[in-house]
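Below are some notes on the model you sent round. They are set out as numbered points, with the overall fold ahead of the side chains.

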Amino acid sequence: MAEGKNPGGRPPYQVNEKDRKTVLSMAPFINHDDIARTIGISDETLRKYYREELDSAKVRADAAVGQSLLMQAVGGTEQNWREAVPSATIFYAKTRMGWKETVGLDHSGAVGVADYSKLTDDQLRTLAAIQDALGLPSADEK
């Protein structure tokens, strides 16, 4: 090829720190096609030059969020409990330590059993009429 002639096509991609930071910040939650489009390269080029960033971005993000949660839960690096965020502490205890809240439920009497002994004959006839109107079986049909 003659000197000074344009070889055609795009120049080869040059990895740079700005694009590396973009990939790291987007990779945990943005698909590869959209990341590549954002920095102006193909998905294939993205995977070729930024494989390490794509593979480690989610772990790095999870670690950063976990560290932030832990610092909130314990009140910062100095563990100043007055600065601790109670909801962060509770969340950490439940998700990482297996703690759970228990609810006590007290009840008396049978569940689902009605006591008709105190009803008058008229009240019983009214209930029977409602039962018939709804097409429910009577006590002797059950």
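1. Helices here are DSSP runs of H or I with at least four residues, numbered from the N terminus. The model is a predicted one. By that assignment, Tyr116 falls in the loop between helix H5 (86-96) and H6.

2. Overall make-up. The chain has 6 helices and 0 strands, and the order of elements from the N terminus is α-α-α-α-α-α. Of the 142 residues in the chain, 18% are buried. The accessible surface comes to about 11800 Å², and carbon and sulfur atoms account for 54% of that surface. If one takes the contacts between residues at least 6 apart in sequence, 31% of them join residues at least 24 apart.

3. Helix H6. This helix covers residues 121-134, which is 14 residues. From first C-alpha to last, H6 reaches 20 Å, close to the 20 Å expected at 1.5 Å a residue. Gly135, just after H6, takes a positive phi of about 75 degrees.

4. Nonpolar surface patch. Which residues make the nonpolar surface patch of about 570 Å²? They are Tyr116, Leu124, Leu127, Ile130, Leu134 and Leu136. Tyr116, the loop residue between H5 and H6, has a relative accessibility of 47% and counts as partly exposed.

5. Aromatic pairs. The structure holds 2 aromatic pairs. One of them joins Tyr13 and Tyr49, with 5.6 Å from centre to centre and 50 degrees between the planes, a tilted arrangement. Tyr13 lies in the segment before helix H1 (17-26) and Tyr49 lies in helix H3 (residues 43-49), so this pair ties together parts that are 36 residues apart in sequence. Tyr13 is buried, at a relative accessible area of 18%, whereas Tyr49 is partly exposed at 32%.

6. The other tyrosine contact. How far apart are the ring centres of Tyr13 and Tyr50, and at what angle are their planes? The centres are 6.2 Å apart and the planes stand at 65 degrees, so the pair is edge-to-face; the cut-off that applies is over 60 degrees. Because Tyr13 lies in the segment before H1 and Tyr50 in the loop between H3 and helix H4 (51-74), the pair ties together parts 37 residues apart in sequence. Tyr50 has 0% relative accessibility and counts as buried. Taken together, the ring pairs link Tyr13, Tyr49 and Tyr50 into a cluster.

7. Salt bridges within helices. A search of the whole structure finds 8 salt bridges. Among them is Asp34 with Arg37, where the closest N and O atoms are 2.5 Å apart. Both residues belong to helix H2 (residues 32-39); they are 3 residues apart, or about one helical turn. Asp34 is partly exposed at 30% relative accessibility, and Arg37 is exposed at 58%. Another of the salt bridges joins the side chains of Asp55 and Arg51, at 3.1 Å from N to O. Those two residues are 4 apart in helix H4, again about one helical turn. Arg51 counts as partly exposed, with 35% relative accessibility.

8. Lys94 and Glu101. What is the distance between the closest N and O atoms in the salt bridge of Lys94 with Glu101? The value is 2.5 Å. Lys94 has a relative accessible area of 38% and is partly exposed, while Glu101 is exposed at 60% relative accessibility.

9. A salt-bridge network. Besides the pairs described above, salt bridges that share partners join Glu17, Arg20 and Glu53 into one network. Glu53 lies in helix H4. Is Glu53 buried or exposed? Its relative accessible area is 8%, so Glu53 is buried; the limit for that class is under 20%. Leaving aside residues up to four places away in sequence, Glu53 touches Arg20, Val23, Leu24 and Ala27. Arg20 therefore appears both in the network with Glu53 and among the contacts of Glu53, with 4.5 Å between heavy atoms as the contact limit.

Methods:
Residues are numbered from 1 along each chain as its sequence is written. This is a predicted model: local features need pLDDT of at least 70, side-chain atom pairs count only at pLDDT 80 or more; totals for chains, interfaces and linings use all residues. Side-chain values use heavy atoms; hydrogens and water are left out. The expected span of a helix is 1.5 Å times one less than its number of residues. Rings of Phe, Tyr and Trp (its six-membered ring) pair if their centres lie within 6.5 Å; planes under 30 degrees apart count as stacked, over 60 as edge-to-face and the rest as tilted. Buried means under 20% relative accessible area, exposed over 50%, partly exposed in between (1.4 Å probe, protein chains only). A salt bridge is a side-chain nitrogen of Lys or Arg within 4 Å of a carboxyl oxygen of Asp or Glu. Patches are made of residues with over 30% relative accessible area and no salt bridge: like charges are joined within 9 Å, nonpolar side chains (Val, Leu, Ile, Met, Phe, Trp, Tyr) within 5 Å. Accessible areas come from the Shrake-Rupley method with a 1.4 Å probe; for residues, only the protein chains shown count as cover.
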